[in-house]
Amino acid sequence: MSEAVLDVRGLTRSFEQGGTRIEVLKGVDLAIAPGEIVALLGPSGSGKSTLLQAVGLLEGGFQGAISIGGERVESLDNPGRTRVRREKLGFVYQFHHLLPDFSAAENVLLAGLVAGRTDSDARARAETLLSSLGLGERLTHRPSQLSGGEQQRVAVARALVNQPLLVLADEPTGNLDEATAAKVLAEFLALVRGQGSSALVATHNEVLAAKMDRVVRLHEGRLAVAEGISTS
């Protein structure tokens, strides 16, 4: 079997609040195989975002081991963390966080330029992704000229433009209506599978979670296989 794209061992995170220590993650173990898409289920406040922030090297204060693409990353300095995020990771959030003064195509190609792609290569890749998401006629539109679903499709394209090893998605359709959420998720999953990336997708929606390859549930700070949910 190929080496895991993500391997997390004994991950812990706690906070001090009002003189009380709150343990959010209590020794999380998780491995994701190449090309595997894993749904991370749990209600709001269960620690899903905290786990994604740890894996995405976005916040300190964690204990445990994290390997991405075979590289131990939990002890890297800031330049090292930036390199890993740039070279190996893609991010999709509940809110699109697009740059308001840039077009759809520019929002995506900028991520390619930051990763070292040439302008022509980044632009071609951005336009190809956006067209595959049904936005071929909206390339020059700014976020304010796009619907919520279209904005999130741009955010998906931005996350995938550099063909990351691992995509981290935090409630990526949580801000959309049910029909649009299902469509955007289907497009997201098809693109991730099509380019061979892996993904960890945090959600509280069990119907959407069941569309992924495997489902785990974050409960009382630990992960367990979600019961009663089909993962076919």
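Which residue just after α1 takes a positive phi of about 55°? The residue to select is Leu-57, which takes that phi just after α1, and the tour below returns to this helix after the sheet.

This is a predicted model, in which local features need pLDDT of at least 70 and side-chain atom pairs count only at pLDDT 80 or more, while totals for chains, interfaces and linings use all residues. Residues are numbered from 1 along each chain as its sequence is written, and side-chain values use heavy atoms, with hydrogens and water left out.

**The hairpin.** Select residues 6–17, strand β1, and residues 20–32, strand β2, which pair in the antiparallel sense over ten bridges; helices (H or I, at least four residues) and strands (E, at least two) are DSSP runs numbered from the N terminus, and two strands pair if DSSP finds at least two bridges between them. Next pick Ser-14, whose bridge partner in β2 is Glu-23, and then Val-8, which stands opposite Leu-30 in β2. Two residues lie between the strands of this hairpin, where Gly-18 takes a positive phi near 60°.

**The sheet.** Widen the selection to the four strands of the open sheet, whose order is β2-β1-β4-β5 with antiparallel pairing. Each of β2 and β5 (71–72) has a single partner strand and stands at an edge, so one side of each is left without a neighbour in the sheet.

**Helix α1.** Now select residues 48–55, helix α1, which lies across β1, β2 and β4 (63–68) and runs at about 120° to β1; axes are lines fitted to C-alpha atoms, for helices over the stretch in contact (heavy atoms within 4.5 Å), and angles run from 0 to 180 degrees between N-to-C directions. Six of the eight residues of α1 are buried (under 20% relative accessible area, 1.4 Å probe, protein chains only), so α1 is largely enclosed by the rest of the structure. Colour Lys-48, Thr-50, Leu-51, Leu-52, Ala-54 and Val-55 to show these buried residues.

**The helix pair.** Finally, select α5 (residues 148–160) and α6 (residues 178–195), which pack at an angle of about 15° with their axes 10 Å apart. That makes α5 roughly parallel to α6 (angles under 35 degrees). To inspect the contact, show Gly-149, Gln-152, Arg-153, Val-156 and Leu-160 in α5, which meet residues of α6 including Thr-180, Val-184, Phe-188 and Leu-191.

Methods
Angles under 35 degrees count as roughly parallel, over 145 as roughly antiparallel, 65 to 115 as roughly perpendicular and the rest as oblique. Buried means under 20% relative accessible area, exposed over 50%, partly exposed in between (1.4 Å probe, protein chains only).
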